[in-house]
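Trainee: I would like to learn how to read a model feature by feature. Where do we begin?

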Amino acid sequence: MVPASFKDASNGRGPNPTGSSSTPAPVVAPSIRPKMTTDTTSEDHPVNIPHILPHERVFPIQIGSELFHLSGASLSSDAPSYFSQYFLCQIKTAEDNGEDPCSNVKTLYIDRDPATFRDIALHLQGYYVTPSDGTHFVRLFADAQFYTLPKLISRLYEESIFISIGHREFQIPRDIFSDPGNSVNYFTLGFAAFFSRQDDLFPGLNRDGLIRPPLIIPPAVPNRSADTFAELIRLLRGYPVDIRDENHRAELLRDARYFHFKGLEQRLVAHTLSFNQIRQRDEITLRLENVQKSGISVSWDSDEPSVEGSEPSAAWVNYARPFVDDGPAELVLEIGGEMTKVHFPDPNYGNGGTLPRAEFFRDTKARVARLFEVIATKLNLPPTTQPLGLLMASGGASSQPATPGNTPLSEDLVRVSLPPEAAITLDGRPYVEGAIAASPTSDHPDNPRKRRRTDEAATWIVKTGQWRLRIQPSRGGKSAVECVLVAVKLDAVSSEHGRNVARGFLGT
C-alpha cells in the first residue's frame with residue numbers, strides 16, 4: 001500500500017498530505033539499508049554514489065512549468081532527499097504489488113522555481129554550483145533545505161556570506177572571520193544564524209504540514225555605510241587603511257562595534273606603542289574610555305607579587321589590547337574632556353603632605369572607579385570597601401554612585417604625583433617648576449615660567465592629561481597599597497582667564 005504521504009501524482013500533481021495542490025514537507029524514507037557502489041565520471045575520477053535508486057533509470061520531475069529527467073545516479077548522489085524518498089517509495093510499492101516498477105513510476109510535480117532547480121540539477125549531476133549574489137544564494141538555500149539535499153546544504157553553509165550593506169552587494173569569505181577576536185560577530189549572532197546551523201536551518205519553524213519553505217529575504221543592512229564597511233573588510237583581510245582624522249576613526253569604530261568586530265575594534269582605537277629607552281620598558285598610551293578590563297595587569301618591581309606579608313615595592317599598571325597585543329606594556333592613561341581637577345594641599349594648614357589629589361567628574365569618575373576595581377581584583381583585594389550594611393541594603397553597592405573612594409586603592413580624591421620630568425603646560429605656557437610643594441618663587445617676578453602665585457597653585461583644571469598608574473605602599477590607608485596617578489604630560493589651566501586664552505573661534 002502506498003503511504004498517504006506519497007499518493008499518485010495524477011494530473012501533474014505531486015504528493016500532498018494536507019490535501020492542497022502544493023508540495024508537502026519531506027517524509028521519512030523507508031528503512032532500506034543503502035549499498036555503496038562506485039561510478040565513474042571519467043577513468044581518473046571515481047565518484048562513490050550510494051545505490052539508493054537504480055543508477056541507470058531516468059526519473060521525471062516537473063518543477064513549475066519545466067520537466068526535468070534525472071538519472072537514479074544523480075538523484076542518489078545527494079541523498080536521502082525528497083526525490084529519492086518519493087521514487088524509492090513508488091518502486092517499493094510497485095514491487096510489493098507485483099507490478100513493473102518501470103511502468104508505475106509517476107512524474108513528481110513540485111510548484112517551485114525551475115530556474116533555481118536548473119542549478120540544483122547541475123549539482124546533482126556533479127557540477128559545482130556557486131551562488132552569484134544574495135538573491136541567488138537564498139533561493140538555492142531555501143530549495144536545498146526544502147528538498148533536503150544534505151550535500152548542497154553543507155556546501156552552501158561553507159559558501160561566502162552574501163549581504164547588502166548600504167545598498168551595495170558584498171561577498172565575504174567565511175574564513176575572514178577566523179581571527180578569535182572577530183569570529184563571534186553580527187553575522188553569526190544576528191540573522192545570519194539563519195544560514196549557519198545545519199541541524200536547524202529554520203529555527204522555531206513547525207514543519208508538520210509544511211507546504212513550502214518560508215520566505216527568505218536576502219540579507220541586507222541598509223542603514224550602514226557601504227564605504228565604511230568596505231574599509232572594515234579591507235582591514236580584516238590584512239591590508240592597511242589610512243585613518244584620515246578622528247571623525248574617520250569614529251566612523252570605523254562605530255561600525256566595527258555595530259558588527260561586533262571586537263579584535264578589529266582594538267586595532268582601531270587611538271593608541272601609541274613605543275619603547276621607552278630611559279625607563280627600558282614598552283609603553284602603550286590609551287584613552288580611559290578604551291580600556292578593557294581583560295587587558296589590565298600589574299607588573300611589580302620586585303619578585304614578590306603579593307600585597308600581603310612583607311611590605312611590597314612599587315608596581316605599575318600594564319595593559320595589552322585584547323586579541324591584538326602579544327604581551328603587556330606599561331600603561332600611559334589619557335584622560336581628556338576637562339574632566340579632571342587637581343587640588344593642591346595648603347602647606348600652611350594641617351599635614352596634608354606634598355602630594356596633590358585629583359577629582360574626576362561625570363562619566364570619567366565612574367570609569368576611574370571601575371578601573372580601580374579591576375586593579376584591586378588583580379591585586380587580590382576586595383573590589384569595593386562599601387560597608388556591609390550598605391552592601392546588603394536595597395539596591396546594594398551597585399546602586400550607589402561610582403567613585404574611586406569605594407575601592408581599596410584610593411579615597412574619593414585620587415592621589416597624584418607631578419614629578420620634575422612631567423611635561424606640563426599651564427595656561428598655554430610651559431610650566432617648568434618641578435617641585436609642586438616648593439614655596440612660590442620671587443626671584444623672577446617678570447618670568448611667568450618661573451612664577452607660581454598662590455591662586456594658580458590652588459587648583460588646576462586638566463584639559464587633557466596622560467598618567468602612569470603606580471601601585472605603592474600606603475601609610476594609614478584602607479589597604480596595604482594605594483594607586484597613584486603619576487603625571488606624564490598635562491595641558492591644564494589655573495583660572496577662567498587661562499581657559500579663555502585657550503578658546504578658539506568657531507570655524508577657525
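Mentor: Keep in mind that this is a predicted model. We begin with a helix on a sheet. Helix H2 (residues 82-96) lies across S3 and S5. Its direction runs at about 150° to S5.

Trainee: Which strands does helix H3 touch?

Mentor: Helix H3 (residues 114-124) packs on the sheet and touches S3 and S4. The direction of H3 makes about 10° with that of S4.

Trainee: In what order do the strands of that sheet come, and is the sheet open or closed?

Mentor: The sheet is open, and its 3 strands follow the order S4-S3-S5. The pairing is mixed.

Trainee: Which strands stand at the edges?

Mentor: Strand S4 (66-71) and strand S5 (108-110) do. Each has a single partner strand, so one side of each is left without a neighbour in the sheet. As for twist, neighbouring strands of this sheet are turned by 25° against each other on average, direction ignored.

Trainee: How many bridges pair S3 with S4?

Mentor: Strand S3 (residues 58-63) pairs with S4 over 6 bridges, in the antiparallel sense. Take one residue as an example: Ile63 has Glu66 of S4 as its bridge partner.

Trainee: Now a strand's side chains. Which residues of S14 point to one face, and which to the other?

Mentor: Strand S14 (residues 340-343) alternates. Thr340 and Val342 point to one face and are buried. Lys341 and His343 point to the other face and are not buried.

Trainee: Which strands does S14 pair with?

Mentor: One is strand S15 (residues 357-360), antiparallel to S14 over 4 bridges. Within that pair, Val342 has Ala358 as its bridge partner. Another is strand S19 (residues 459-473), which runs antiparallel to S14 and is joined to S14 by 4 bridges. There, Lys341 has Ile461 as its bridge partner.

Trainee: Next, helix packing. What describes two packed helices?

Mentor: The angle between their axes and the distance between the axes. Apply that to helix H7 (residues 226-236) and helix H8 (residues 246-258): their axes come within 10 Å and cross at roughly 80°. H7 and H8 are therefore roughly perpendicular to each other.

Trainee: Which residues make the contact?

Mentor: From H7, the residues are Thr228, Glu231 and Leu232. From H8, they are His248, Glu251, Leu252, Asp255 and Ala256. By type, the contact of H7 with H8 has 3 nonpolar, 2 polar and 3 charged residues.

Trainee: What about charges? When can side chains of opposite charge pair?

Mentor: They can pair when their charged atoms come close. This structure holds 17 salt bridges. One of them joins Glu231 to Arg244, with the closest N and O atoms 3.9 Å apart. Glu231 lies in helix H7 and Arg244 in the loop between H7 and H8, so the pair ties together parts that are 13 residues apart in sequence.

Trainee: Is Arg244 buried or exposed?

Mentor: Exposed, with a relative accessibility of 58%.

Trainee: Which strands does the salt bridge of Arg287 with Glu334 tie together?

Mentor: First the distance: the closest N and O atoms of Arg287 and Glu334 are 3.7 Å apart. Arg287 lies in strand S10 (residues 281-287) and Glu334 in strand S13 (residues 329-335), so the bridge ties together parts that are 47 residues apart in sequence. Arg287 counts as partly exposed, at 27% relative accessibility.

Trainee: How far apart are the closest N and O atoms of Arg321 and Asp325?

Mentor: They are 2.7 Å apart, and the two residues form a salt bridge. Both Arg321 and Asp325 are buried. Look also for shared partners: salt bridges join Arg279, Arg281, Glu283, Glu330 and Arg468 into one network.

Trainee: Last, single residues. Where is Thr403, and what does Thr403 touch?

Mentor: Thr403 sits in the loop between helix H11 (388-392) and strand S16 (414-417). Thr403 is buried, with a relative accessible area of 10%. Not counting residues up to four places away in sequence, Thr403 touches Lys365, Ala369 and Asp412.

Trainee: And which helix holds Ala73?

Mentor: Ala73 lies in helix H1 (residues 72-77). At 12% relative accessibility, Ala73 counts as buried. The C-alpha atoms of Ala73 and Ile52 are separated by 8.4 Å, and these residues are 21 residues apart along the chain.

How values were computed: Residues are numbered from 1 along each chain as its sequence is written. This is a predicted model: local features need pLDDT of at least 70, side-chain atom pairs count only at pLDDT 80 or more; totals for chains, interfaces and linings use all residues. Side-chain values use heavy atoms; hydrogens and water are left out. Axes are lines fitted to C-alpha atoms, for helices over the stretch in contact, and angles run from 0 to 180 degrees between N-to-C directions. Helices (H or I, at least four residues) and strands (E, at least two) are DSSP runs, numbered from the N terminus. Angles under 35 degrees count as roughly parallel, over 145 as roughly antiparallel, 65 to 115 as roughly perpendicular and the rest as oblique. Contact means heavy atoms within 4.5 Å. Ala, Val, Leu, Ile, Met, Phe, Trp, Tyr, Cys and Pro count as nonpolar, Asp, Glu, Lys and Arg as charged, and the others, Gly among them, as polar. Buried means under 20% relative accessible area, exposed over 50%, partly exposed in between (1.4 Å probe, protein chains only). A salt bridge is a side-chain nitrogen of Lys or Arg within 4 Å of a carboxyl oxygen of Asp or Glu. Two strands pair if DSSP finds at least two bridges between them.
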